[in-house]
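You asked for a colleague's note that a first-year student could follow with the structure open alongside. Please look through the model once before reading the points.

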Amino acid sequence: MPDTPSETSVSFRSDVTVELVKHNAADSDVLWAARVSTAGEQSLDELGKDPERSKGLINYLMRDRHGSPFEHNSMTFLVSAPIFVFREFMRHRVGWSYNEESGRYRELQPVFYVPGEDRKLVQQGRPGKYEFVHGSPEQHAAVSETMRASYLESYEAYQRMLKDGVAREVARAVLPVGLFSSMYATCNARSLMHFLSLRTKDDRAAVPSFPQREIEMVAERMEAEWARLMPLTYAAFNANGRQAP
Ligand SMILES: Cc1cc2nc3c(=O)[nH]c(=O)nc-3n(C[C@H](O)[C@H](O)[C@H](O)COP(=O)(O)OP(=O)(O)OC[C@H]3O[C@@H](n4cnc5c(N)ncnc54)[C@H](O)[C@@H]3O)c2cc1C
(Lines give C-alpha, C1' and ligand atoms only; values in the text may rest on other atoms or scores of the structure.)
Protein backbone atom coordinates (compact mmCIF):
# COMPACT_ATOMS: atom_id res chain seq x y z
CA MET A 1 0.00 0.00 0.00
CA PRO A 2 1.29 3.53 -0.76
CA ASP A 3 2.58 5.66 2.09
CA THR A 4 1.37 8.99 0.65
CA PRO A 5 -0.89 10.85 3.11
CA SER A 6 -4.15 12.17 1.73
CA GLU A 7 -5.47 15.69 2.34
CA THR A 8 -8.38 15.07 4.69
CA SER A 9 -10.13 17.68 6.80
CA VAL A 10 -10.23 17.18 10.55
CA SER A 11 -13.59 16.54 12.18
CA PHE A 12 -14.72 16.51 15.81
CA ARG A 13 -17.52 14.33 17.16
CA SER A 14 -19.26 14.01 20.51
CA ASP A 15 -21.38 10.96 19.64
CA VAL A 16 -20.71 7.29 18.98
CA THR A 17 -22.41 5.07 16.41
CA VAL A 18 -23.56 1.48 16.70
CA GLU A 19 -25.13 -0.37 13.79
CA LEU A 20 -26.55 -3.87 14.04
CA VAL A 21 -25.20 -5.30 10.79
CA LYS A 22 -26.10 -8.97 11.18
CA HIS A 23 -28.14 -10.99 13.61
CA ASN A 24 -29.60 -14.38 14.27
CA ALA A 25 -31.20 -13.84 17.64
CA ALA A 26 -34.71 -14.47 18.94
CA ASP A 27 -36.37 -15.55 22.18
CA SER A 28 -37.24 -18.84 20.47
CA ASP A 29 -33.50 -19.66 20.33
CA VAL A 30 -33.47 -19.71 24.14
CA LEU A 31 -36.58 -21.89 24.26
CA TRP A 32 -35.50 -24.70 21.95
CA ALA A 33 -32.06 -24.82 23.56
CA ALA A 34 -33.58 -25.08 27.04
CA ARG A 35 -36.31 -27.57 26.13
CA VAL A 36 -33.90 -30.14 24.76
CA SER A 37 -33.40 -31.00 28.45
CA THR A 38 -36.90 -32.43 28.70
CA ALA A 39 -38.19 -32.77 25.10
CA GLY A 40 -35.01 -34.08 23.45
CA GLU A 41 -35.17 -33.91 19.67
CA GLN A 42 -38.84 -32.77 19.86
CA SER A 43 -37.78 -29.46 21.44
CA LEU A 44 -38.32 -27.54 18.16
CA ASP A 45 -41.93 -28.76 17.96
CA GLU A 46 -42.68 -27.06 21.29
CA LEU A 47 -41.95 -23.57 19.92
CA GLY A 48 -44.86 -21.14 19.91
CA LYS A 49 -47.23 -23.59 21.66
CA ASP A 50 -47.85 -21.61 24.84
CA PRO A 51 -46.54 -18.01 24.99
CA GLU A 52 -47.12 -17.65 28.74
CA ARG A 53 -45.16 -20.84 29.42
CA SER A 54 -42.35 -19.57 27.19
CA LYS A 55 -42.17 -16.30 29.07
CA GLY A 56 -42.14 -18.19 32.38
CA LEU A 57 -39.39 -20.53 31.20
CA ILE A 58 -37.14 -17.65 30.12
CA ASN A 59 -37.71 -15.91 33.43
CA TYR A 60 -36.93 -19.11 35.34
CA LEU A 61 -33.69 -19.65 33.38
CA MET A 62 -32.62 -16.07 34.06
CA ARG A 63 -33.55 -16.14 37.75
CA ASP A 64 -31.87 -19.47 38.48
CA ARG A 65 -28.86 -18.63 36.32
CA HIS A 66 -29.19 -21.39 33.75
CA GLY A 67 -27.05 -19.39 31.34
CA SER A 68 -26.15 -21.62 28.41
CA PRO A 69 -29.53 -21.48 26.56
CA PHE A 70 -28.86 -17.74 26.10
CA GLU A 71 -25.76 -18.49 24.00
CA HIS A 72 -27.44 -19.99 20.90
CA ASN A 73 -27.80 -16.69 19.03
CA SER A 74 -25.56 -14.09 17.45
CA MET A 75 -25.44 -10.31 16.96
CA THR A 76 -22.78 -8.39 15.01
CA PHE A 77 -22.39 -4.66 15.60
CA LEU A 78 -20.35 -2.09 13.70
CA VAL A 79 -19.11 0.36 16.33
CA SER A 80 -17.50 3.72 15.73
CA ALA A 81 -16.09 5.28 18.91
CA PRO A 82 -12.88 6.76 20.35
CA ILE A 83 -9.94 4.42 20.96
CA PHE A 84 -10.27 4.84 24.74
CA VAL A 85 -13.71 3.22 24.51
CA PHE A 86 -12.25 0.28 22.55
CA ARG A 87 -9.58 -0.23 25.19
CA GLU A 88 -12.31 -0.74 27.78
CA PHE A 89 -14.50 -2.73 25.41
CA MET A 90 -11.89 -5.31 24.52
CA ARG A 91 -11.44 -6.24 28.16
CA HIS A 92 -14.63 -8.27 27.60
CA ARG A 93 -12.99 -11.52 26.54
CA VAL A 94 -15.66 -14.19 26.84
CA GLY A 95 -18.33 -14.63 24.15
CA TRP A 96 -17.07 -11.69 22.09
CA SER A 97 -15.24 -11.57 18.73
CA TYR A 98 -13.59 -8.38 17.49
CA ASN A 99 -12.06 -7.02 14.30
CA GLU A 100 -10.82 -3.42 14.31
CA GLU A 101 -9.46 -1.13 11.58
CA SER A 102 -5.69 -1.18 11.31
CA GLY A 103 -3.30 1.69 11.90
CA ARG A 104 -0.61 -0.32 10.10
CA TYR A 105 -2.43 -0.99 6.84
CA ARG A 106 -4.43 2.22 6.52
CA GLU A 107 -3.82 5.90 7.12
CA LEU A 108 -5.86 6.85 10.19
CA GLN A 109 -8.50 9.46 9.53
CA PRO A 110 -8.61 12.69 11.59
CA VAL A 111 -11.87 12.20 13.48
CA PHE A 112 -11.58 13.11 17.15
CA TYR A 113 -13.78 13.00 20.25
CA VAL A 114 -14.81 16.21 22.00
CA PRO A 115 -17.36 15.86 24.84
CA GLY A 116 -20.80 17.29 24.12
CA GLU A 117 -22.56 19.91 26.22
CA ASP A 118 -24.41 17.25 28.22
CA ARG A 119 -21.25 15.32 29.23
CA LYS A 120 -20.64 15.78 32.96
CA LEU A 121 -17.09 17.07 33.29
CA VAL A 122 -16.30 17.31 36.98
CA GLN A 123 -15.60 14.38 39.31
CA GLN A 124 -16.35 14.78 43.01
CA GLY A 125 -15.55 12.45 45.92
CA ARG A 126 -13.05 9.60 45.90
CA PRO A 127 -12.61 6.59 43.58
CA GLY A 128 -15.37 4.04 44.05
CA LYS A 129 -17.52 6.67 45.76
CA TYR A 130 -17.44 9.58 43.37
CA GLU A 131 -20.05 11.24 41.27
CA PHE A 132 -19.93 13.40 38.17
CA VAL A 133 -21.47 16.84 37.96
CA HIS A 134 -21.92 19.32 35.13
CA GLY A 135 -19.01 21.61 34.37
CA SER A 136 -19.30 25.37 34.04
CA PRO A 137 -19.52 26.95 30.56
CA GLU A 138 -15.89 28.03 31.04
CA GLN A 139 -14.80 24.45 31.75
CA HIS A 140 -16.67 23.20 28.68
CA ALA A 141 -15.02 25.85 26.53
CA ALA A 142 -11.57 25.02 27.96
CA VAL A 143 -12.01 21.28 27.35
CA SER A 144 -13.19 21.84 23.81
CA GLU A 145 -10.42 24.30 22.91
CA THR A 146 -7.65 22.29 24.57
CA MET A 147 -8.67 19.03 22.98
CA ARG A 148 -9.05 20.52 19.51
CA ALA A 149 -5.64 22.21 19.65
CA SER A 150 -3.94 19.08 20.99
CA TYR A 151 -5.60 16.82 18.40
CA LEU A 152 -4.59 19.13 15.54
CA GLU A 153 -0.98 19.25 16.71
CA SER A 154 -0.81 15.45 17.00
CA TYR A 155 -2.39 14.87 13.62
CA GLU A 156 -0.05 17.37 11.96
CA ALA A 157 2.91 15.54 13.47
CA TYR A 158 1.49 12.23 12.16
CA GLN A 159 1.07 13.70 8.67
CA ARG A 160 4.57 15.20 8.69
CA MET A 161 6.10 11.82 9.45
CA LEU A 162 4.04 10.12 6.72
CA LYS A 163 5.21 12.79 4.24
CA ASP A 164 8.79 12.07 5.32
CA GLY A 165 8.28 8.43 4.40
CA VAL A 166 7.87 7.04 7.90
CA ALA A 167 5.72 3.90 8.11
CA ARG A 168 2.15 4.30 9.38
CA GLU A 169 2.76 1.80 12.17
CA VAL A 170 5.55 4.03 13.55
CA ALA A 171 4.00 7.45 12.93
CA ARG A 172 0.74 6.53 14.67
CA ALA A 173 2.51 6.58 18.04
CA VAL A 174 1.79 10.32 18.31
CA LEU A 175 -1.98 9.94 17.91
CA PRO A 176 -4.20 10.23 21.00
CA VAL A 177 -6.82 7.87 22.44
CA GLY A 178 -9.52 10.41 21.50
CA LEU A 179 -9.09 9.35 17.84
CA PHE A 180 -12.08 7.48 16.44
CA SER A 181 -11.73 3.88 15.37
CA SER A 182 -14.18 1.32 14.06
CA MET A 183 -14.71 -2.36 14.75
CA TYR A 184 -17.05 -5.25 14.28
CA ALA A 185 -18.04 -6.84 17.56
CA THR A 186 -19.98 -10.11 17.63
CA CYS A 187 -21.61 -11.49 20.78
CA ASN A 188 -24.52 -13.55 22.02
CA ALA A 189 -27.25 -12.57 24.48
CA ARG A 190 -25.39 -13.99 27.47
CA SER A 191 -22.13 -12.16 26.77
CA LEU A 192 -24.07 -9.00 25.93
CA MET A 193 -25.91 -9.18 29.27
CA HIS A 194 -22.60 -9.45 31.12
CA PHE A 195 -21.29 -6.44 29.18
CA LEU A 196 -24.47 -4.42 29.89
CA SER A 197 -24.35 -5.28 33.59
CA LEU A 198 -20.90 -3.67 33.80
CA ARG A 199 -21.14 -0.89 31.21
CA THR A 200 -24.51 0.67 32.00
CA LYS A 201 -25.73 2.42 35.12
CA ASP A 202 -29.34 1.44 35.77
CA ASP A 203 -31.56 1.60 38.87
CA ARG A 204 -32.85 -1.93 38.20
CA ALA A 205 -29.36 -3.42 38.59
CA ALA A 206 -28.92 -5.64 41.65
CA VAL A 207 -25.22 -4.76 41.61
CA PRO A 208 -24.71 -1.17 40.48
CA SER A 209 -21.88 -0.31 38.11
CA PHE A 210 -20.32 3.08 37.37
CA PRO A 211 -19.06 2.95 33.78
CA GLN A 212 -17.38 5.73 31.87
CA ARG A 213 -20.10 7.62 30.04
CA GLU A 214 -18.67 7.07 26.54
CA ILE A 215 -18.70 3.24 26.71
CA GLU A 216 -22.14 3.49 28.29
CA MET A 217 -23.29 5.40 25.18
CA VAL A 218 -22.19 2.41 23.06
CA ALA A 219 -23.80 -0.05 25.51
CA GLU A 220 -27.13 1.84 25.45
CA ARG A 221 -27.30 1.62 21.66
CA MET A 222 -26.54 -2.11 21.72
CA GLU A 223 -29.13 -2.63 24.42
CA ALA A 224 -31.82 -0.93 22.32
CA GLU A 225 -31.11 -3.23 19.34
CA TRP A 226 -31.06 -6.37 21.49
CA ALA A 227 -34.31 -5.40 23.30
CA ARG A 228 -36.06 -5.32 19.91
CA LEU A 229 -34.73 -8.75 18.88
CA MET A 230 -35.32 -10.65 22.14
CA PRO A 231 -38.10 -8.87 24.10
CA LEU A 232 -38.85 -11.73 26.53
CA THR A 233 -35.19 -12.26 27.36
CA TYR A 234 -34.69 -8.52 27.74
CA ALA A 235 -37.68 -8.25 30.13
CA ALA A 236 -36.35 -11.17 32.21
CA PHE A 237 -32.89 -9.54 32.34
CA ASN A 238 -34.40 -6.35 33.78
CA ALA A 239 -36.74 -8.20 36.13
CA ASN A 240 -33.87 -10.20 37.62
CA GLY A 241 -31.42 -7.43 38.46
CA ARG A 242 -29.68 -7.00 35.10
CA GLN A 243 -27.09 -9.71 35.69
CA ALA A 244 -25.96 -12.27 33.11
CA PRO A 245 -27.32 -15.71 34.04
C1 LIG B 1 -16.56 0.42 36.19
C2 LIG B 1 -15.37 -0.38 35.77
C3 LIG B 1 -14.10 0.00 36.14
C4 LIG B 1 -12.98 -0.73 35.74
N5 LIG B 1 -11.73 -0.32 36.10
C6 LIG B 1 -10.65 -1.04 35.72
C7 LIG B 1 -9.33 -0.64 36.08
O8 LIG B 1 -9.15 0.35 36.76
N9 LIG B 1 -8.29 -1.37 35.64
C10 LIG B 1 -8.46 -2.53 34.90
O11 LIG B 1 -7.48 -3.16 34.53
N12 LIG B 1 -9.69 -2.92 34.53
C13 LIG B 1 -10.78 -2.22 34.92
N14 LIG B 1 -12.03 -2.63 34.53
C15 LIG B 1 -12.17 -3.80 33.68
C16 LIG B 1 -12.63 -5.04 34.48
O17 LIG B 1 -11.66 -5.42 35.43
C18 LIG B 1 -12.90 -6.23 33.52
O19 LIG B 1 -11.71 -6.55 32.84
C20 LIG B 1 -13.97 -5.92 32.50
O21 LIG B 1 -15.10 -5.33 33.12
C22 LIG B 1 -14.40 -7.20 31.81
O23 LIG B 1 -15.10 -7.98 32.74
P24 LIG B 1 -14.96 -9.56 32.79
O25 LIG B 1 -13.55 -9.99 33.01
O26 LIG B 1 -15.98 -10.04 33.78
O27 LIG B 1 -15.46 -9.97 31.32
P28 LIG B 1 -14.99 -11.17 30.40
O29 LIG B 1 -13.56 -11.09 30.09
O30 LIG B 1 -15.92 -11.16 29.22
O31 LIG B 1 -15.23 -12.46 31.28
C32 LIG B 1 -16.56 -12.90 31.57
C33 LIG B 1 -16.52 -13.81 32.79
O34 LIG B 1 -15.79 -14.99 32.46
C35 LIG B 1 -15.01 -15.40 33.61
N36 LIG B 1 -13.58 -15.29 33.26
C37 LIG B 1 -13.03 -14.70 32.17
N38 LIG B 1 -11.70 -14.84 32.16
C39 LIG B 1 -11.38 -15.50 33.28
C40 LIG B 1 -10.15 -15.92 33.86
N41 LIG B 1 -8.97 -15.67 33.29
N42 LIG B 1 -10.19 -16.56 35.02
C43 LIG B 1 -11.36 -16.84 35.65
N44 LIG B 1 -12.57 -16.45 35.17
C45 LIG B 1 -12.57 -15.80 34.00
C46 LIG B 1 -15.40 -14.44 34.75
O47 LIG B 1 -16.47 -14.99 35.45
C48 LIG B 1 -15.84 -13.20 33.99
O49 LIG B 1 -16.72 -12.37 34.73
C50 LIG B 1 -13.16 -1.90 34.94
C51 LIG B 1 -14.46 -2.29 34.57
C52 LIG B 1 -15.55 -1.54 34.97
C53 LIG B 1 -16.93 -1.99 34.55
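The numbered points below go from the whole chain to its strands, its core and its annotated residues.

1. This is a predicted model, and every statement that follows should be read with that in mind. The protein has eight helices and eight strands, and its C-alpha trace spans about 70 × 50 × 25 Å along the principal axes. Of its 245 residues, 27% count as buried. Among the contacts with a separation of 6 or more, 77% are between residues 24 or more positions apart.

2. Strand 8, residues 180-187, is a good place to begin, since two pairings can be followed from there. Strand 3, residues 74-82, runs antiparallel to strand 8 and is joined to it by eight bridges; within this pairing, P82 has F180 as its bridge partner. Strand 4 also runs antiparallel to strand 8, with five bridges between them, and here the bridge partner of E100 is M183. As background for viewing these strands, side chains in a regular strand alternate between the two faces of the sheet.

3. Which residues touch the most other members of the largest nonpolar core? They are L192 and V218, in a core of 47 residues. Helix 7, residues 213-229, gives the most to this core, with six residues. Leaving out residues up to four places away in sequence, L192 touches M75, C187, M222 and W226, and M222 and W226 fall within the range of helix 7.

4. The UniProt record, an unreviewed entry, places an "active site" annotation at R199. This residue lies in helix 6, residues 189-199. Is R199 buried or exposed? R199 counts as buried, because 22 C-beta neighbours lie inside 10 Å and the cut-off for burial is 20 or more. Beyond its neighbours within four places in sequence, R199 is in contact with P211, I215, E216 and A219.

5. The same kind of record, again an unreviewed UniProt entry, gives "binding site" at S68, R91, H92, R93, E100, N188, A189, R190 and H194. These positions span 127 residues in sequence and their farthest two C-alpha atoms are 27.7 Å apart, so they do not all gather at one spot. A reader should therefore not picture the annotated positions as all gathered at one spot.

6. Two of the annotated positions, H92 and R93, can be looked at side by side. H92 is in the loop between helix 3 (83-89) and strand 4 (96-100), and R93 is in the loop between helix 3 and strand 4 as well. H92 is partly exposed, with 17 other C-beta atoms within 10 Å, whereas R93 counts as exposed, with 8 C-beta neighbours inside 10 Å.

7. Which residues are around the ligand? They are R91, H92, R93, V94, H194, L198, S209, F210 and P211. Sorted by class, this shell has four nonpolar, three polar and two charged residues. P211 is also one of the residues in contact with R199, the position that carries the "active site" annotation in the unreviewed entry.

8. A last point concerns helix 8, residues 231-239, in which the buried residues are L232, T233, Y234, A236 and F237. As a general guide to reading such a list, an α-helix has 3.6 residues a turn, so residues three or four places apart point the same way. Helix 8 is followed by G241, whose phi is positive, near 80 degrees.

Key: Residues are numbered from 1 along each chain as its sequence is written. UniProt positions are given in the numbering used here, feature names are shortened, and annotations may be inferred rather than shown by experiment. Helices (H or I, at least four residues) and strands (E, at least two) are DSSP runs, numbered from the N terminus. A residue is buried if 20 or more other C-beta atoms lie within 10 Å of its own, exposed if 12 or fewer, and partly exposed in between; C-beta atoms are placed from the backbone. A residue is near a molecule or strand if its C-beta atom, placed from the backbone, lies within 6 Å of it. Ala, Val, Leu, Ile, Met, Phe, Trp, Tyr, Cys and Pro count as nonpolar, Asp, Glu, Lys and Arg as charged, and the others, Gly among them, as polar. Two strands pair if DSSP finds at least two bridges between them. Two residues are in contact if their C-beta atoms, placed from the backbone, lie within 7 Å. A nonpolar core is a set of buried Ala, Val, Leu, Ile, Met, Phe, Trp, Tyr and Cys residues joined through C-beta atoms within 7 Å.
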